[in-house]
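Open the model in your viewer and keep the selection tool at hand. The stops below say what to select next and what is there.

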Amino acid sequence: MADQPTSQPPKKLYIETVGCQMNVLDSELVVARLRDDGYELTQDIDQADAILYNTCSVRQHAEDKVYSALGRIKHLKRKKPDLAVGVLGCMAQKDQNLILRRAPHVDVVVGPGQLGRVPELLAKAKADAAPQLAVSLARNAGSRSHVTSSFDSYDADREPAVRPSPFQAYLRVMMGCDKFCTYCIVPSVRGPEQSRPPAEILAEARLLALQGVKEITLIGQTVNSYKHKAPDGRITRLSDLLAGLHDIDGVERIKFITSFPNDMTDDLLQAVRDLPKVSRYIHVPAQSGCDLVLKRMKRMYTASFYEDMLARLRETIPGASVSSDFIVGFCGETDESFEKTVGLVERSRFKNSFIFKYSPRTGTKADDLYPDDVPEEVKRHRNHVLLDLQMRISLEDNQAFVGREETVLVEGPSRTTTRKEGWDGPDQLTGRTHCDRIVVFSGPESLTGQFARVKIQTASAVTLFGRLAAVPDAGAACPG
């Protein structure tokens, strides 16, 4: 009897993701493609046959982290000459040949618009014994380069094993951005705004539901700008998309991030109010409370416009949770400018805010036009002041939940140490309410992926703590 051919052992893939939700989803799609090409994931970088870094260019720290990691793995490449090393994503699009000069042991450099080609490029790099570069076409505008075309196709392959939770998934509804805020590199590396056809989005959502996903988060650079025009002229807005997703069996909770203040339309707010599966949580960055700073940022609204939008949102959706982003120390931000931001945060009472010190980015308009004139120690002080204010507001508002029962989608074992938040009870499981508040409570791990009623006993600025009250029907939703 002839010998049977022996199958090749799977190749090992190690992937590290830096940056936003877009990158998390991009990594999932890359892994799905590479699984089809015979790879399996490993958490042990020393065992890897391919090491990929999916990168971010929003802040310098993210890029420094990637270059540091590339430096550390040079010794692995020397020990394993066949090891493939790749840099993917926004930093790959922005820096391109610079990456190959700084890290000549890199085999593939792949921009966000070409991630579907990663298996092909890895194979070509090995066959040709030469690095491969695949990025989107761009045009130069002075010292800046802007992507003009990318994302010609949308790949719905999904890989549950890559997700932090098998019951939660991101779903991309649009690509790119047309806002061109002066501090932001994203339009230059991810290209112009493009809304996916609604039929493709709904089909992908049904696939996710079949994989056991209960919570879907729609993502886009400015997700509420979603608008798709069909060949027959029919327009689909984000509110229409939410209504279609709401009817999919198995999908029990829907979120969307990140929103742009100017596009917070009444039809969208009414959809959030009227569709029970849509989380009453909206993330809508303000960035500053000072009109002069907002103008330098090219945010296209004033502080009073933002506050009017927020009042309209809360009038339409009573009890809605709202979070925001702020940049402190932007070019020309004075003490008076910063105090206006403090006032906006005090009045707005956000659920939480993501606060960043301004970081100049080569290739942005701000880097061309404005000096980075706020000293680092001033940026650091303002960051602390705003963070302390937000933490006080978050604590006060979270304490209002004590004594209430909330419906929580259980995400799994709690990975955080909660003793430092003043909680001395057991903290086995964690999840989020319908209004996106984190809840930690004691319960069996078998509840993971289910909805549970939790009686809130105490609260910190970040977390609600409670005890298990009941496991309700899957469709139950938190009232607030």
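Select Glu63 and Arg361: both residues are buried. This is a predicted model, and in it the two side chains form a salt bridge whose closest N and O atoms are 2.6 Å apart. The pair joins distant parts of the chain, with Glu63 in helix H2 (residues 60-72) and Arg361 in the loop between strand E18 (352-357) and helix H14 (365-369). In sequence the two residues are 298 residues apart.

Before moving on, colour the model by pLDDT. The mean for the protein is 90, and 90% of the residues reach 70 or more. Then select residues 474-480, where pLDDT stays under 50. The model has 17 contacts beyond four places in sequence for this segment. Where pLDDT is low, predicted coordinates should not be read in detail.

**Further salt bridges**

The count of salt bridges in the model comes to 40. Select Arg347 and Glu307 for another of them, with 2.9 Å from N to O. This pair also links distant parts of the chain: Arg347 sits in helix H13 (residues 335-348), Glu307 in helix H12 (residues 303-316), and 40 residues separate them. Are the two partners buried or exposed? Arg347 counts as exposed because its relative accessibility is 52%. Glu307, at 25% relative accessibility, counts as partly exposed.

Next, select Glu215, Arg253, Lys255, Lys351, Glu411, Arg432 and Asp436 together. Salt bridges with shared partners join these residues into one network.

Move to Asp240 and Arg237, whose side chains meet in a salt bridge at 3.2 Å, N to O. Asp240 is partly exposed, with a relative accessible area of 32%. Arg237 is partly exposed as well, with a relative accessible area of 36%.

**Two buried strand residues**

Select Thr430, in strand E20 (residues 429-433). Its relative accessibility is 13%, so Thr430 counts as buried. Which backbone atom does the side chain of Thr430 reach? It is the backbone oxygen of Val439, at 3.3 Å. Now show the surroundings of Thr430, leaving aside neighbours within four places in sequence. Its contacts include a run of Leu409, Val410, Glu411, Gly412, Pro413 and Ser414. Ile438, Val439 and Val440 are also in contact with Thr430. Val439 therefore appears here both as a contact of the buried Thr430 and as the residue whose backbone oxygen its side chain reaches. Glu411, another contact of Thr430, is a member of the salt-bridge network visited above.

Then select His228, in strand E13 (residues 227-229). His228 is buried, with a relative accessible area of 15%. Beyond four places in sequence, His228 is in contact with Ser195, Arg196, Pro197 and Pro198 on one stretch of the chain, and with Arg234, Ile235 and Thr236 on another. Add Cys181 to the selection and draw a C-alpha to C-alpha distance from His228. The two residues are 23 Å apart in space and 47 residues apart in sequence.

**Backbone geometry**

Most residues other than glycine have a negative phi, and most peptide bonds are trans. The next three stops depart from that pattern.

Select Ile257 and Thr258. The peptide bond from Ile257 to Thr258 is cis, with omega near -5°. Thr258 is in the loop between strand E15 (253-257) and helix H10 (266-274).

Select Ala129, which is not a glycine but has a positive phi of about 50°. Ala129 lies in the loop between helix H6 (118-128) and strand E6 (132-134). With 70% relative accessibility, Ala129 counts as exposed.

Select Lys298, another non-glycine residue with a positive phi, here about 60°. Lys298 is in the loop between helix H11 (291-297) and H12. At 32% relative accessibility, Lys298 counts as partly exposed.

**A surface patch**

For the final stop, turn on the surface and select Leu387, Met391 and Val462. These residues form a nonpolar patch on the surface, with about 230 Å² of accessible area together. Leu387 is placed in helix H15 (residues 376-399). Its relative accessibility is 34%, so Leu387 counts as partly exposed.

Key:
Residues numbered from 1 in each chain as written. Predicted model: local features only at pLDDT ≥ 70, side-chain atom pairs only at ≥ 80, totals over all residues. Heavy atoms only, no water. pLDDT = per-residue confidence, 0-100. Contact = heavy atoms within 4.5 Å. Patch = residues over 30% accessible without salt bridge, like charges linked within 9 Å, V, L, I, M, F, W, Y side chains within 5 Å. Areas by Shrake-Rupley, 256 points an atom, 1.4 Å probe, with all protein chains shown as cover. Salt bridge = Lys/Arg side-chain N within 4 Å of Asp/Glu carboxyl O. Helix = DSSP H or I, 4+ residues; strand = E, 2+ residues; numbered from the N terminus. Buried < 20%, exposed > 50% of the residue type's maximum accessible area, 1.4 Å probe, protein only. Polar contact = N/O pair within 3.5 Å; in protein donor to acceptor, adjacent residues only side chain to side chain.
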